[in-house]
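Please open the structure in your viewer and keep the sequence panel visible. The tour proceeds by selections, each followed by a description of what is found there.

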Amino acid sequence: MVDAYLEGLLAPEDGALAAAREAAEAAGVLPIHVTPLQGKFLQVLARGVGARRVLEVGTLAGYSAIWLARALPDGGRVVTIEVDPVAAQVARANIKRAGLQGRVEVRLGRAMEVLPTLEGGEPFDFVFIDADKEGYAEYLEWAIQLGRPGTVVVADNVVRGGAVADAASRDPRVLGVRAFLDKVATDPRVTAVALQTVGAKGHDGFAVAVVR
Ligand code: SAH
Ligand code: DHB
Ligand code: MG
């Protein structure tokens, strides 16, 4: 399969990433993390924009945070927000095992409560939105507030097997993603694109926005 071929070539997991996945499974945390190639995609983008400060909304067990933290130069930082205390605890252990505890800060709480506490710090260069889909439009607003011109915002799961194109959908996750896409399409403070993906996690997609 193509995903396995590309993963073996471009995004092989090391021990810390594999252990992070296994620890999540052992703790009963759902396996809804990004795939290795998606993690590498985030890492390449973050490296490409020279990100020093990364914000993630939706930590789960820290799998994507590990990929992102490895994109950063010395002194770089990932701040990642997680509402589920079990997932956050597994994430902290996974990040420590990966030797990244000095670089990744897991903030426990609802994103809409934690995000305002980040105001007044240095701007974030890169933002990954991957929590509850109902909140995506609000998380984008915070990404803009906490970013600067040039900040790159990536949002996961914007296609969901094609359901996003169903204008009659009443699925709150689909409605949340559609509200997010409407906002990136019309808000003059960003320019954005979305791409369908097909791979180990089925037919889904990423949106990528840049703050102007
Ligand atoms: N980025 C992770 C996967 C995140 S899954 C990875 O790829 O490894 C989505 C996560 O968002 C779940 O852990 C869920 O508990 C969390 N979440 C859902 N709603 C949230 C909210 N309102 N605030 C913070 N985290 C939330
Ligand atoms: C699912 C996948 C995700 O990447 C996510 O962020 C949330 C849910 C899922 O497959 O249900
Ligand atoms: Mg996701």
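The stops below visit the ligands, the metal ion and two loop residues. Please bear in mind throughout that this is a predicted model.

**First stop: ligand 1**

Select ligand 1, which sits in the largest pocket. Next, display the residues around it. There are 21 of them, and those that come nearest are Val34, Gly58, Ser64, Glu82 and Asp130. By class, this shell consists of 10 nonpolar, 5 polar and 6 charged residues.

Which residues place an N or O atom beside a nitrogen atom of ligand 1? Begin with glycine 58, where a backbone N or O atom lies 2.8 Å from a nitrogen atom of the ligand. Then select serine 64: a polar atom of its side chain is 2.8 Å from a nitrogen atom of ligand 1. Finally, add tyrosine 139, whose side chain has an N or O atom 3.4 Å from a nitrogen atom of ligand 1. Taken alone, ligand 1 exposes 580 Å², and the protein buries 88% of that area.

Now colour the helix α4 (63–69) and the strand β2 (77–82). These are the elements that give two or more residues to the shell around ligand 1.

**Second stop: the magnesium ion**

Select ligand 3, the magnesium ion. Which residues coordinate the ion? The donors are Asp130 (OD), Asp156 (OD) and Asn157 (OD1), at distances of 1.9 to 2.1 Å. Along the sequence, these donor residues follow the spacing D-x25-D-N.

Trace the chain from two of these donors. Aspartate 130 belongs to the loop between β4 (126–129) and α7 (136–146), while asparagine 157 belongs to the loop between β5 (152–155) and α8 (172–186); the pair therefore ties together parts that are 27 residues apart in sequence.

**Third stop: ligand 2**

Keep Asp130, Asp156 and Asn157 on display, for they are also among the residues around ligand 2. To complete that shell, add Ile32, Lys133, Arg160 and Lys201. How many of the residues in the shell around ligand 2 are charged? The shell has 5 charged residues, together with 1 nonpolar and 1 polar residue.

Three side chains deserve a distance label. An N or O atom in the side chain of aspartate 130 is 2.8 Å from an oxygen atom of ligand 2. For aspartate 156, the corresponding distance to an oxygen atom of the ligand is 3.2 Å, and for arginine 160 it is 3.3 Å. Taken alone, ligand 2 exposes 290 Å², of which the protein buries 71%. Ligand 2, too, sits in the largest pocket.

**Fourth stop: two backbone angles**

Most residues other than glycine have a negative phi. With this in mind, select leucine 60, in the loop between β1 (53–57) and α4. Leucine 60 is not a glycine, yet it has a positive phi of about 50°.

Return, lastly, to asparagine 157, in the loop between β5 and α8. Asparagine 157 also has a positive phi, of about 65°, although it is not a glycine. This residue has appeared before, as a donor to the magnesium ion and as one of the residues around ligand 2.

Conventions. Residues are numbered from 1 along each chain as its sequence is written. Chains are lettered from A and ligands numbered from 1 in the order in which they are written. This is a predicted model: local features need pLDDT of at least 70, side-chain atom pairs count only at pLDDT 80 or more; totals for chains, interfaces and linings use all residues. Side-chain values use heavy atoms; hydrogens and water are left out. A residue is near a molecule or strand if one of its heavy atoms lies within 4 Å of it. A polar contact is a pair of N or O atoms within 3.5 Å; within protein, one must be able to donate a hydrogen and the other to accept it, and residues adjacent in sequence count only if both atoms are side-chain atoms. Accessible areas come from the Shrake-Rupley method with a 1.4 Å probe; for residues, only the protein chains shown count as cover. On a 1 Å grid over the protein atoms alone, a cavity is a set of points where a 1.4 Å probe fits but cannot get out, and a pocket is an open set with protein on both sides within 12 Å along at least five of seven lines; lining residues have an atom within 4 Å of a point. A molecule sits in a cavity or pocket if more than half of its atoms lie within 2 Å of its grid points. Helices (H or I, at least four residues) and strands (E, at least two) are DSSP runs, numbered from the N terminus. Ala, Val, Leu, Ile, Met, Phe, Trp, Tyr, Cys and Pro count as nonpolar, Asp, Glu, Lys and Arg as charged, and the others, Gly among them, as polar. Donors are N, O and S atoms within 2.8 Å of the metal (3.2 Å for Na, K and Ca); water is not among the atoms, so sites may look incomplete.
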